[in-house]
Amino acid sequence: MLKLSNLSVGYGHRAVISDINTVLSPGGVYGLLGSNGCGKTTLMKTIAGGIEPVHGNIYASDCIPFQKHKEFLESMVYMPEDFRLPGCSVEKFIKLYGKNRPQFSVQDFYDNLCSLNFHSNERIDRLSLGNKKKLFIAYSLACHPNLLLMDEPTNGLDMEAKKSFSKLMVTTDFSDSIVIISTHLLPDLRNLLSGVIIVCDGKIALDLSIDKIASLLQFNNGENESLLYSDGLNAVSANVDGEYTDVDIELLYYAVRESNTVREYLNKNTNHD
């Protein structure tokens, strides 16, 4: 379980996101969405224990991330958007970094590389950005962490690699893991998510499961009296007839960001939960 309680994150005494209260459970893949500079990376770094909270608390099972307990560090993987890899071979890399991960599987690592169509004998610090991402993704999943944080994991991947990434994520067993993915490439998250968290204006504007969203909203559907948001081509409506539609992550994101009507409707229908 990951619990964020009255949490504000930022640097020094300046918060960029405030009043975060949520509980995330194992078995969930959560999309963390927001515009550039809204604080998504800061939030992920804080959850990973790299930054001390401005206010409030984080509990990852029985650990406080910023205290950097060995148990927490062994069971958490943070994949930042920008990273450096050491000047060594793939084999040396897994010997160096796999040994500190109790649940690391060499077989799963190579299987993941194969699924991502990784083919290279180069020293890993000389790899292209796309291959570096593939390597880190394969390693992250092979660690079987209790908490996996991925910041823009598909940046640098070509279209085929993004498709392979989505397929790999869908087929990976996350029943014992909490996965948080931050990305601007919203179509990459289609069919991956069990929950969505949207950051807007320094607050959490939405924090709901996909099932709950589908029970409340219909996408590209609805009569005028149930219409909540339209961008001229696509529509979001109140789910008044109980029929579920597929949740359009990109349309949901813009509807929540741009429409007070949508936010008010969601708040009204979830504030008792």
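In which hand, right or left, does α4 pass α5? In this predicted model, α4 passes α5 in a right-handed crossing. The points below take up that helix pair and then turn to an open sheet of three strands and to helix α1, which lies across β1, β2 and β4.

**The α4–α5 pair**

- Two packed helices are described by the angle between their axes and the distance between the axes.
- For helix α4, spanning residues 106-115, and helix α5, spanning residues 129-142, the packing angle is about 140° and the axes are 8 Å apart.
- On the α4 side the contact is made by Asp 108, Phe 109, Asn 112 and Leu 113, which meet Lys 134, Leu 135, Ala 138, Tyr 139, Leu 141 and Ala 142 of α5.
- By character, the residues of this contact between α4 and α5 comprise seven nonpolar, one polar and two charged.

**The three-stranded sheet**

- The strands follow the order β2-β1-β4 in an open sheet, and their pairing is antiparallel.
- Because β2 (14-24) and β4 (55-60) stand at the edges, each with a single partner strand, one side of each is left without a neighbour in the sheet.
- From one strand to the next, the twist averages 30°.
- Strand β1, residues 2-11, runs antiparallel to β4 and is joined to β4 by five bridges; in β4, His 55 stands opposite Ser 8.

**Helix α1 across the sheet**

- Helix α1, made up of residues 40-47, lies across the strands β1, β2 and β4, and its direction is at about 125° to β1.

Definitions and conventions: Residues numbered from 1 in each chain as written. Predicted model: local features only at pLDDT ≥ 70, side-chain atom pairs only at ≥ 80, totals over all residues. Heavy atoms only, no water. Axes fitted to C-alpha atoms, helices over the stretch in contact; angles between N-to-C directions. Helix = DSSP H or I, 4+ residues; strand = E, 2+ residues; numbered from the N terminus. Left-handed = near helix turned anticlockwise from the far one by under 90°. Contact = heavy atoms within 4.5 Å. Nonpolar A, V, L, I, M, F, W, Y, C, P; charged D, E, K, R; others polar. Pairing = 2+ DSSP bridges.
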